[in-house]
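Okay, thanks for coming, everyone. I'll put the structure up, and then we'll walk through it together.

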Amino acid sequence: MVCLSSISLSGSFHPEVFLQPSGLESESDSAGLVEETTSKKIKMPGSVLITGASTGIGRALAFEFSRRGFALGLCARRLELLEELEEELSGENQVAVAHLDVAELESVPEVLNKLADELGGVSIIIANAGIGGRSYPGEGTFHQDRKIIEINVLGAMATIDAGADILKKQGGGQIVGISSIAGFRGLSATPAYSASKAALSTYMEGIRNHLLQHKIAVTVINPGFIDTPINTHRKSRPFLISAEKGAQLMADLIEKQVLSSTVPVWPWAVISRIMYLIPERLWCRINV
Ligand SMILES: NC(=O)c1ccc[n+]([C@@H]2O[C@H](COP(=O)([O-])OP(=O)(O)OC[C@H]3O[C@@H](n4cnc5c(N)ncnc54)[C@H](OP(=O)(O)O)[C@@H]3O)[C@@H](O)[C@H]2O)c1
C-alpha cells in the first residue's frame with residue numbers, strides 16, 4: 001500500500017492523498033452492478049477541469065461540481081456560451097474559461113495548463129467534449145466519421161495526455177472520460193460514434209495501471225440517454241434522464257472514484273450485460 005499525506009502540489013492547495021494502487025475492490029450496489037473502485041480514494045479537494053462545458057452534460061457537470069464547492073476550469077469552442085455560464089456560476093467558487101477545440105491537438109496542453117495555472121492546480125480532469133453523427137461507409141460521408149474520431153478519440157486522448165502530465169507534476173488526481181453505452185457493441189445506427197466510444201473506454205482501461213503508479217485514478221462514465229443537444233433529433237431515447245440528474249449521478253460516481261459505470265446504473269448495467277450476450281449473427285439483424 002502506498003500512503004501519502006499532505007502532498008504539496010504546485011498550486012494553492014495541499015491535498016491529502018491516500019492510495020492503494022494494488023488493491024482494487026468491488027464497490028457494488030445490491031444488484032452487483034456498479035463497477036470496481038480503487039479501494040482507498042485519492043483524496044483531492046478542489047477543482048475540476050471540464051472539456052465541452054458549453055452545453056449538455058459538461059455544462060450540467062459545471063453546475064453540479066460548483067454546487068459541491070469545486071473551482072472550475074471550463075473549455076469548449078463556443079467561448080460566448082462559456083462566458084455566459086461563468087456569469088451564471090459566479091458566486092463563491094472560482095471559474096476560469098477558455099476557448100478550446102480538442103481536434104486542434106497541439107493546442108490542448110497549452111489551454112489545459114493555462115486553466116490549471118489560473119485555478120492554482122486541478123484535482124479532476126474530465127474529457128467530456130464529443131460529437132455524435134450518423135454516417136455509413138460508401139455513402140460519401142467519410143469526412144463525418146473522421147471528425148467523430150478526431151474529436152471523440154484523438155481529442156479525448158490529447159486531453160488525457162495533457163491532463164496526466166499536469167496531475168503527475170502535482171502528485172496525483174483523477175482523470176474521467178465521458179464514454180457511452182454506445183461503445184459496448186457496434187451500433188448500426190451510429191457505427192463511427194460507437195467505435196469512438198469503444199476506443200475511448202478501451203484506451204482508458206489500458207492506461208489505468210500506468211497512471212495508478214502516479215497516484216492518478218481513472219474513471220470511465222458510460223451514460224445512457226441524457227437529454228442534451230447531441231440526441232434531441234433522435235426519435236427514440238429510452239430511459240431518458242435530464243442533464244441535471246445525469247450530472248448529479250456522474251458527480252457521485254466521480255467522487256467515489258469508481259473505475260467505470262453506466263449512468264444511470266439501472267437499467268443500463270443490466271442492458272449492457274444483455275448486449276454482450278447477444279451473438280453476432282443476431283446482433284447484426286438488430287437496427288439500433
Ligand atoms: N447525451 C447523451 O445521451 C450522451 C450519452 C452518452 C455519451 N455522451 C457523451 O457526453 C459528452 C457530452 O455530450 P452532450 O450529450 O453533453 O452533448 P452536447 O450538448 O452536444 O455537448 C457536447 C459538448 O462538446 C463540445 N465539443 C464538441 N466538439 C468539440 C471540440 N472539437 N472541441 C471542444 N469541445 C467540443 C461542445 O461545445 P462546443 O460546440 O462549444 O465546442 C459541447 O459543449 C460527449 O462526449 C457525448 O458523446 C452523451
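Let me start with a question: is the crossing in which helix 1 passes helix 6 left-handed or right-handed? Right-handed, as it turns out for helix 1 against helix 6. On the helix 1 side, the contact is made by G56, I57, A60, L61, F63, E64 and F65. Facing them from helix 6 we have A243, E244, G246, A247, Q248, M250 and A251. Sort the residues of that contact by type and you get nine nonpolar, three polar and two charged. As for geometry, the axes of helix 1 and helix 6, the latter being residues 243-256, come within 8 Å and cross at roughly 60 degrees. That angle is why we call helix 1 oblique to helix 6.

Before going further, a word on confidence. What you're looking at is a predicted model. The average pLDDT over the protein is 88, and 84% of the residues score at least 70. The part to watch is residues 1-34, where the pLDDT is below 50. That stretch still has 81 contacts in the model beyond near neighbours in sequence. Where pLDDT is low, though, the predicted coordinates should not be read in detail. So please don't over-read those contacts of residues 1-34, given their pLDDT below 50.

Now the ligand, which I guess is what most of you came for. How many residues surround the ligand? There are 31, and the closest are G52, G56, R77, R78 and G130. You've met G56 already, in the contact of helix 1 with helix 6. By type, the shell around the ligand has 16 nonpolar residues, 12 polar and three charged. Which helices each supply at least two residues of that shell? Helix 1, residues 56-67, and helix 4, residues 142-170. Helix 1 gives the largest share, three residues.

Let's stay with helix 4 and look at its packing. With helix 5, the axes come within 9 Å and cross at roughly 15 degrees. Helix 4 and helix 5 are therefore roughly parallel to each other, and their crossing is right-handed. Helix 4 brings D145, I148, I149, N152, V153, A156, M157 and A164 to this contact. Helix 5 answers with A192, Y193, S196, K197, A199, L200, Y203 and L211. The split there is 12 nonpolar, two polar and two charged.

Then there's helix 3, residues 107-119, which packs against helix 4 at an angle of about 45 degrees with the axes 9 Å apart. So helix 3 and helix 4 are oblique to each other. Helix 3 passes helix 4 in a right-handed crossing. From helix 3 the contact uses V108, P109, L112, N113 and A116, and from helix 4 it uses A158, T159, A162, G163, D165 and I166. Here the residues divide into seven nonpolar, three polar and one charged.

Last topic: backbone oddities, for anyone about to run a geometry check. Most residues other than glycine have a negative phi, and most peptide bonds are trans. Which peptide bonds are cis here? One runs from V263 to P264, with omega near -10 degrees. P264 sits in the loop between strand 13 (260-263) and helix 7 (265-277). Another cis bond runs from W266 to P267, with omega near 10 degrees, and P267 is in helix 7.

And where is K215? In the loop between helix 5 (191-212) and strand 10 (216-223). K215 is not a glycine, and yet its phi is positive, about 60 degrees.

Okay, that's my tour. Over to you.

Note on methods
Residues are numbered from 1 along each chain as its sequence is written. This is a predicted model: local features need pLDDT of at least 70, side-chain atom pairs count only at pLDDT 80 or more; totals for chains, interfaces and linings use all residues. A residue is near a molecule or strand if its C-beta atom, placed from the backbone, lies within 6 Å of it. Helices (H or I, at least four residues) and strands (E, at least two) are DSSP runs, numbered from the N terminus. Ala, Val, Leu, Ile, Met, Phe, Trp, Tyr, Cys and Pro count as nonpolar, Asp, Glu, Lys and Arg as charged, and the others, Gly among them, as polar. Axes are lines fitted to C-alpha atoms, for helices over the stretch in contact, and angles run from 0 to 180 degrees between N-to-C directions. Angles under 35 degrees count as roughly parallel, over 145 as roughly antiparallel, 65 to 115 as roughly perpendicular and the rest as oblique. A crossing is left-handed if the near helix is turned anticlockwise from the far one by less than a right angle, and right-handed if clockwise. Two residues are in contact if their C-beta atoms, placed from the backbone, lie within 7 Å. pLDDT is the predictor's confidence in each residue, from 0 to 100.
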